[in-house]
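Got the viewer open? Take this as a short walk through the structure, one selection at a time.

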Amino acid sequence: MMLVDFFILLKQELVITVILFLLLFIKLGKDRTNESLLIIINVLLFLNFVAGFCCCQEGMLFNEMFRTTNLIVLEKNILNLAIWLISLQSYAWLKTHKHLIEFYILLLTTLLGMFFMISSGNLLMFYLGLEMSTIPLAAAANFDLFKRQSSEAAMKLIISSAFSSALLLFGISLLYGTSGTLTFSELTIHLNGAPLQIFSFILLLSGFFFKISAVPFHLWTADVYEGAPVAVTAYLSVVSKAAVLFVFVSVLYTTFKPLANIWYPVLCILSLLTIIVGNLFALRQNNFKRFLAFSSIAQVGFILIGISGSSQEGTASVIYFILIYVFSNLAAFGVVSLVSALTGKENISDFKAFYTTNPLLSWILTIALFSLAGVPPTAGFFGKFFLLIAGAAKGNYILIGVAALNMVISFYYYLRVVKAIFMDDNAEPIAKIKIPAMPKLALYICVAGIVLTGLVSYVYDYIYSLSTGF
Amino acid sequence: MPNYAYILLIPLQPLATFIVLGLFGRKYFKTFSGTIGTVSLLISTIVSFVAAIQYFFVDGKVNGIYQKIIAFKYTWLEFSPNVSIDMGIIVDPISVMMLVVVTFVSLMVHVFSLGYMKGEDRFATYYAFLSLFTFSMLGLILSSNIFQVYIFWELVGVSSFLLIGYYFEKPSAVAASKKAFIVTRFADLGFLIGILLLGFYGGTLDIGILIERLTAVQSPEYTAMAAAGFLGVSALTWALTLVFIGGAGKSAMFPLHIWLPDAMEGPTPVSALIHAATMVVAGVYLVARLFPVFNMDAAALQVVTYTGAFSALLAAVIACTQTDIKRVLAYSTMSQIGYMMFALGVSKYGGEDGLGYMASMFHLFTHAFFKSLLFLGAGAVIHMVHSNDMKDMGGLRKLMPVTHIAFLIACLAIAGIPPFAGFFSKEEILLAAFHSNKLIYGVALFTAALTAFYMFRLYFSIFWSKESTVQSHGEGPLSMKLPLVILAACAVGVGFIPFSSLVTSDGEALETHMDITFSIAPVGLTLIATLLASYLYKKENDKPAKLAASFDGFYQAAHKKFYVDEVYLFITKKIVFPLVGQPIAWVDKYIVDGFMNLLASITAKISALIKGLQSGKVQNYALYFFSGIAALAVLFIYLWK
């Protein structure tokens with residue numbers, strides 16, 4: 001292998017690493033204003049996103065420790081896009097923050113971890129990436145330095161992840177004990193469905209479920225989401241979930257294919273539990289972040305249904321939905337983060353009569369919520385529909401029926417928020433907000449994404465064409 | 001192959017209007033937006049008439065059979081190699097017929113709204129929503145792919161939600177639009193699963209191919225679908241019933257009708273558009289679109305028949321007890337759609353047996369005109385009186401001569417009195433029912449009489465009854481009168497269109513015979529009901545006084561009408577209204593509605609119950625985490641073998 005190939009295969013990781021070093025140097029150098037720093041960083045993140053599209057190549061490195069395919073490159077690009085959008089959106093919050101650069105260093109480190117995790121060809125590599133993408137996040141969750149809730153969130157995140165990591169690691173070691181290998185491609189051959197293997201596989205699954213907050217491994221989600229700064233919440237609910245889901249799909253479809261008779265029923269049960277519990281909790285939330293947290297739990301349930309289809313359509317519809325989810329969820333979080341940073345209000349009841357003072361933000365939020373609920377012609381509608389078609393391929397119609405029923409329930413609570421925004425009276429609506437340029441750009445990109453991802457069929461076709469080799 | 005690609009222009013026109021008015025309406029042409037919307041739709045209407053003439057009279061027919069033509073097709077997305085989602089335009093008798101109906105009625109509503117909504121603060125928004133609705137409805141009827149149907153189906157739901165909730169300052173309007181949205185979403189759920197089933201077994205989402213595959217008895221798709229079953233019912237029946245549930249939601253069939261009366265909170269012209277001619281018949285249209293497949297499954301057709309007949313009867317009885325004029329019209333719509341549904345249900349595919357199908361489409365066609373006329377007339381009345389309640393009306397015939405005549409014509413048409421439009425279509429439905437199911441025929445006949453009764457009750461209460469006390473401010477501008485006149489002319493004329501040679505199940509002309517002897521029963525009953533209504537409601541508070549006077553001249557009175565009168569009064573006032581009508585209205589209000597409320601409250605209760613899980617303590621979370629793993633492990637190592 002030529003050295004150039006080596007660099008090209010690792011290009012996305014290398015770019016992130018370079019940016020990390022740059023940030024360290026900037027930190028050590030002379031003091032700059034936050035505004036100029038934010039411009040520099042956002043430009044860098046944008047370049048990072050663009051760089052992801054050039055010179056793609058498939059291949060493996062380090063004895064199959066690291067592998068990359070066009071699909072993996074696409075997945076990393078989605079994450080790059082998401083982190084750029086989040087960074088743009090948190091402009092209002094970070095503008096006055098003292099430790100701006102540290103925040104970015106933490107976030108980018110976790111992103112690097114996720115990249116290694118997505119590219120991992122070995123359980124150890126996977127574990128390493130997973131940890132690298134979790135521990136710095138706990139620090140980031142603590143970034144509202146003077147809020148007790150923020151510290152609580154960080155504490156809960158680190159303790160729960162330590163717990164889940166321990167079990168995951170236990171599962172990995174048992175798996176190694178029964179099969180004698182950690183490489184994904186070799187592991188497949190040694191899976192025979194012995195009870196110990198099933199047990200270790202379930203431990204492994206629980207690690208995944210913890211990260212994507214599937215019920216009953218979801219309990220940390222709401223507290224952490226509520227306490228953490230909005231940018232971190234958005235990051236947790238979009239980027240870190242998406243990364244784990246990407247790995248989850250590919251690992252289930254390739255490495256653990258021999259155990260499909262185990263994970264298919266597990267997915268069915270957990271997806272229903274996740275959708276139902278997520279919906280029931282979302283129904284009664286008043287804190288907007290908590291509301292989005294539970295609604296995103298329900299969304300993950302739908303993704304699990306798509307995964308249960310175990311086909312090329314399954315992979316494609318899951319990745320397609322995640323892309324849509326990035327846009328929709330970040331549009332919603334973007335509005336909430338603006339309002340929270342500028343007025344400190346985070347409750348749904350505060351958003352009553354929001355339309356009278358902020359019509360633009362109201363429309364953006366409404367479009368985002370409609371997309372999350374799956375109303376046409378927003379992309380969310382197509383995404384959910386495709387997930388259901390993919391899941392229906394197994395012929396399990398009770399699953400699809402209950403899921404579809406929950407779509408209606410979810411509709412109800414999303415509509416409740418829309419109603420508050422447009423129709424309810426409020427003596428003191430949130431004052432008119434002047435939207436800074438960067439968050440505005442991010443919101444426009446999200447709205448364009450919500451509309452276009454659904455209507456431009458090329459997006460799905462492209463993802464479908466890459467989703468081979470399951 | 002004749003070229004119909006220009007039909008694309010018809011839906012795109014309102015879409016463009018929506019975008020222009022939605023984005024710039026409020027800022028730049030606040031007052032002109034109505035004109036822009038109307039002119040744009042006028043063009044659409046003209047194009048649809050051109051298309052209709054070309055299709056029906058120039059080149060739609062090959063060897064005496066109307067062809068199904070795919071005028072335009074664009075593969076929008078390939079979900080997997082077998083299942084692709086196309087955006088297409090289908091041209092066949094029913095879609096062309098619907099094109100004419102939707103554009104024409106929508107145009108009338110656009111014109112009427114110029115006067116009715118004048119001075120509204122969000123005039124441009126209103127027209128933007130109207131255009132969006134028209135676009136979605138046109139997209140729905142032109143769809144050649146079942147997924148495309150679903151997209152537009154949902155869009156119709158969204159835009160009607162916006163229109164019903166237009167007066168969003170009014171809490172009742174908000175509640176109504178939400179109710180309409182959620183109830184129809186429940187129904188759409190059925191539709192969605194139905195589509196998934198059809199797509200799964202049929203291996204395609206294209207309606208044409210789906211029909212081709214599922215109507216051939218030997219085809220592997222049909223065999224698989226008829227053989228597969230769930231709870232003892234075949235997958236085909238499930239799929240069709242679920243699709244029908246979706247249609248029943250939009251078409252307000254029992255028990256999914258509860259949103260329709262409440263939806264009357266929207267602006268009245270909107271009701272004329274949505275609840276008379278377009279959205280509410282979408283369900284009928286859907287069944288008609290997939291009719292060849294429905295024809296393969298007797299069980300699903302029976303569901304359609306009985307749901308339709310029951311809804312027709314139930315709604316007619318309730319309509320007799322309502323005093324809000326728009327609610328009377330809402331129930332009457334439900335009742336008439338019930339007619340269309342059971343007409344489809346008793347029909348077969350092709351030839352003489354396809355009479356029900358033809359009759360259903362014919363009734364859909366004529367109903368669109370006279371029902372939108374009734375709603376617009378009611379709108380004009382409400383505009384004058386500023387109230388929806390019958391009690392506030394009466395004697396308006398002198399103040400509103402044009403509206404009065406138009407309304408009268410519409411009432412005659414819906415009652416089915418010859419030679420008005422409703423007579424012809426209803427007659428065919430009754431005939432179809434008579435030939436296939438006597439029970440349904442009986443229900444239909446009785447409902448027809450009830451229809452005449454409640455419609456004339458409405459008519460007399462509004463225009464006669466008592467002397468008007470309303471301060472007249474003129475009947476309204478020309479823009480409000482013109483649509484009434486045009487629609488009234490249609491309500492007289494459209495019955496004479498030789499519908500049976502144009503729109504049939506298989507495209508072949510159908511011979512129908514007007515049988516005078518058959519018409520005697522329905523027309524006679526209708527006339528009797530009309531006379532009764534006029535007797536009771538033409539003058540206010542007349543009867544008690546007459547009764548009292550009759551006691552003096554008992555002999556003269558007894559032979560003439562006193563006795564009949566008393567019996568009738570007893571039956572209607574003492575038995576029918578309190579013992580039949582009101583309980584049914586009560587059941588409707590408390591049981592059916594209450595069930596929906598119960599569902600909501602149960603959901604809330606469960607949600608409160610499991611709140612305890614979310615305690616905020618990390619050690620508890622760890623406990624649940626570990627229990628989850630343990631449960632999965634036990635389940636899969638020991639139980640799942």
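Start in chain A by selecting A:Phe126, A:Ser133, A:Leu137, A:Ala140 and A:Ala141 on α7(A). Now add what they meet on α12(A): A:Val232, A:Leu236, A:Ser240, A:Ala243 and A:Val247. Colour that selection by class and you get eight nonpolar residues, two polar ones and no charged ones. Bear in mind as you click around that this is a predicted model.

Next, show the two helices whole: α7 is residues 123–141 of chain A, and α12 is residues 230–255 of chain A. Their axes sit 11 Å apart, at an angle of about 175°. Anything over 145 degrees counts as roughly antiparallel, so that is the label for α7(A) against α12(A).

Stay on chain A, but bring chain B into view. How many residues of chain A are in contact with chain B? There are 52 of them, and they touch 41 residues of chain B. To find the chain A side, try α8 (148–179), α10 (195–211), α13 (260–283) and α15 (312–343), which are among the helices of chain A that each supply at least two residues to it. Then highlight α19 (397–422) of chain A, also one of that group. α19(A) gives the most, with twelve residues. Coloured by class, the chain A side shows 40 nonpolar, six polar and six charged residues.

Over to chain B. Its secondary structure comes to 24 helices and six strands, and 54% of its 641 residues are buried. If you like contact maps, plot one here: among chain B contacts between residues at least 6 apart in sequence, 79% join residues at least 24 apart.

Now pick out residues 268–277 of chain B, helix α11, together with residues 355–385, helix α16. The axes come within 8 Å and cross at roughly 160°, so α11(B) and α16(B) are roughly antiparallel too. The crossing of α11(B) past α16(B) is right-handed. On the α11(B) side, the contact residues include B:Thr268, B:Pro269 and B:Ala276, while those on α16(B) include B:Lys371, B:Phe375 and B:Ile382. By class, this contact has nine nonpolar, four polar and one charged residues.

Last stop: select residues 438–463 of chain B, helix α19. Put a distance line from its first C-alpha to its last and you should read 37 Å, close to the 38 Å expected for its 26 residues at 1.5 Å a residue. Is α19(B) largely enclosed or exposed? Of its 26 residues, 21 are buried, so α19(B) is largely enclosed by the rest of the structure.

Technical notes: Residues numbered from 1 in each chain as written. Chains lettered and ligands numbered in written order. Predicted model: local features only at pLDDT ≥ 70, side-chain atom pairs only at ≥ 80, totals over all residues. Contact = placed C-beta atoms within 7 Å. Helix = DSSP H or I, 4+ residues; strand = E, 2+ residues; numbered from the N terminus. Nonpolar A, V, L, I, M, F, W, Y, C, P; charged D, E, K, R; others polar. Axes fitted to C-alpha atoms, helices over the stretch in contact; angles between N-to-C directions. Parallel < 35°, antiparallel > 145°, perpendicular 65-115°, else oblique. Left-handed = near helix turned anticlockwise from the far one by under 90°. Expected span 1.5 Å × (residues − 1). Buried ≥ 20, exposed ≤ 12 C-beta atoms within 10 Å, placed from the backbone.
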